[in-house]
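Me: I have a model open on my screen and would like to know what lies behind the labels people put on it. Could you take me through the reasoning?

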Amino acid sequence: MLPVGWNSDSQNSFVYVVAALAALNGLLFGFDTGVISGAMLYIRNTFELTALFGYAIEPDLVEGIVVSGAMVGAILGAALGGRLADRLGRRRLILIGAVVFFVGSLIMAIAPTVEVLILGRIIDGIGIGFASVVGPLYISEISPPKIRGSLVSLNQLTITSGILIAYLVNFAFSDGGEWRWMLGLGMVPAAVLFLGMVFMPESPRWLYEQGRESAARDVLSRTRAEAKVDAELREIRETIRTESGTLRDLLRPWVRPMLIVGVGLAAFQQVTGINTVIYYAPTILESTGFEDTASILATVGIGAVNVVMTVVAVVLIDRTGRRPLLLSGLAGMTVMLGVLGIAFVLPGLSGVVGWAATASLMLYVAFFAIGLGPAFWLLISEIYPMEVRGTAMGVATVVNWAGNLLVSLTFLRLVNRIGESGTFWLYGLLSLAALVFCYQLVPETKGRSLEEIEADLRETALASGAGRREGTESEADD
Ligand code: BGC
């Protein structure tokens, strides 16, 4: 079954090539996420992890810095990336991101000391920070409304594929412990992304906003059926306003509700615990009674479930809409986290209970993959007005990476303090809170153009009074 609208004649098939290529941004992100846990096992054998810059430091802390260096870089990259995407253009930032990631991977692969390795991780992370903002943003702006959901979700599909590929690479290189190859392989997708993007067009919406109407029209002609071009251009023209896209603009009363939605989704996507499974699956599985190798294989299984269910989301998201997938996914995650917590308080984890724990872990990942995984990145690329879109996505993405860092730094400590059950129940409660939040606040964006979504959100704000104040403010500004 093809995703809805993929076989219609309302677009030009070139748009699939553009989206698939830009989705390699997700591959960089996913590969980096999945590869470090495997590489770390062998980095320990190469370097003395007892000091940094000559100062004695606990080995655990040094390891933590190596692992989380990329997340710190990604926070930085996302913070800069939003503004840069608005200033320099989406395509140019993708090119820059690919170069930065390539350089980071190269530095890691040849690092002579652990300090240089950490530098490589941070640079690599900055590239991922750029990629995570601009990948979904670019695809969203270049897609025809009818298939925007599935095309933007290709980026989540490549994130999950990147994680799975990294698990397999870890497995393949584990015999010789060749961690330099593991980390260096990231250069391959970065090079492909760079070379491919050289030939791709800029986002038509960004071009229009820069006053380059005829260039915008050209891009639309290359990616739409000719009959659709004029109408879409007219819509873009009617929506472009004068906000300059600064952080202050995000606090304008009619943008603020969507800022809350984006930041809320960003935080919930992380604090409901997905990356504890992605990073620590073998550890969790070992505590359910699996042997070493079996738990690594089961980890590959988890990676595969993540990919397969993301394919399901890609197929469904323009058919059912965003809300049904998001809400049912969150409901499923809540239940599975509850069950997982129960499994860990029952005695005899190694028997049936162990299998039940593993099954609920897999189902939890499946529910994430069908809802919150793709829906977060898609929605933040849809709900912001053109003038502040890059900046606003940057803010949401910073929160997402900060949440990622927080959860990965606190997970093992939480398990020590309140046990596995307590930890999973805590994530379960947060999933329930996310469900209520999304039910109340997240708008449906299926099938509508970015301009229609923007106009609707303005109207809603106006009706609630916030926009009226805003209107008066802008008149006064004029
Ligand atoms: C999240 C990542 C996560 C991945 C797992 C993404 O949407 O942002 O933090 O590792 O999904 O599939």
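Me: Let's start at the ligand. What makes the approach of W377 to the ligand a polar contact?
Reply: This is a predicted model, and in it a polar side-chain atom of W377 lies 2.9 Å from an oxygen atom of the ligand. The cut-off for a pair of N or O atoms is 3.5 Å, and 2.9 Å falls within it, so the label applies.

Me: How much of the ligand does the protein bury?
Reply: Taken alone, the ligand exposes 310 Å², and the protein buries 100% of that.

Me: Which other side chains make polar contacts with the ligand?
Reply: Among them are Q156, with an N or O atom 2.7 Å from a ligand oxygen, and N275, with a polar atom 2.6 Å from one. Q156, N275 and W377 also belong to the residues that come nearest, together with Q269 and Q270, out of 14 around the ligand.

Me: W377 has protein neighbours too, I suppose. Which residues does S132 touch?
Reply: Leaving aside residues up to four places away in sequence, S132 touches F29, W377, T397 and W401. With W401 there is also a polar contact between the side chains, at 3.1 Å.

Me: Why is S132 called buried?
Reply: S132, in helix α5 (residues 114–142), has a relative accessibility of 1%. Buried means under 20%, so S132 qualifies.

Me: And N306, how do you know whether to call that residue buried or exposed?
Reply: The same kind of check works here. N306 has 4% relative accessibility, and the limit for buried is under 20%, so N306 counts as buried. This residue is found in helix α14 (residues 292–320) and touches T160, I163, I278, V365 and A369, not counting residues up to four places away in sequence.

Me: Now for charges. Why is the pair R90 and E141 called a salt bridge?
Reply: Side chains of opposite charge can pair when their charged atoms come close. For R90 and E141 the closest N and O atoms are 2.8 Å apart, and the rule asks for within 4 Å, so the pair counts. R90 sits in helix α4 (residues 90–110) and E141 in helix α5, 51 residues apart, so the pair links distant parts of the chain.

Me: Are R90 and E141 buried or exposed?
Reply: R90 has a relative accessible area of 0%, and E141 is also at 0%. Under 20% is the condition for buried, so both meet it.

Me: What makes R237 and E213 partly exposed?
Reply: Partly exposed runs between the 20% and 50% limits. R237 is at 40% and E213 at 32%, so each falls in that range. They form a salt bridge, with the closest N and O atoms 2.7 Å apart. R237 lies in helix α11 (residues 226–239) and E213 in helix α10 (residues 213–223), so the pair ties together parts that are 24 residues apart in sequence.

Me: Where do R322 and E382 sit, the two that meet in a salt bridge?
Reply: Their side chains meet at 2.7 Å, N to O. R322 is in helix α15 (residues 322–345), and E382 is in the loop between α17 and α18, 60 residues apart. Both are buried.

Me: Which residues are joined into one network by salt bridges that share partners?
Reply: They are D86, R90, E141 and R389. The count for the model comes to 15 salt bridges.

Methods:
Residues numbered from 1 in each chain as written. Predicted model: local features only at pLDDT ≥ 70, side-chain atom pairs only at ≥ 80, totals over all residues. Heavy atoms only, no water. Helix = DSSP H or I, 4+ residues; strand = E, 2+ residues; numbered from the N terminus. Buried < 20%, exposed > 50% of the residue type's maximum accessible area, 1.4 Å probe, protein only. Contact = heavy atoms within 4.5 Å. Polar contact = N/O pair within 3.5 Å; in protein donor to acceptor, adjacent residues only side chain to side chain. Near = heavy atom within 4 Å. Areas by Shrake-Rupley, 256 points an atom, 1.4 Å probe, with all protein chains shown as cover.
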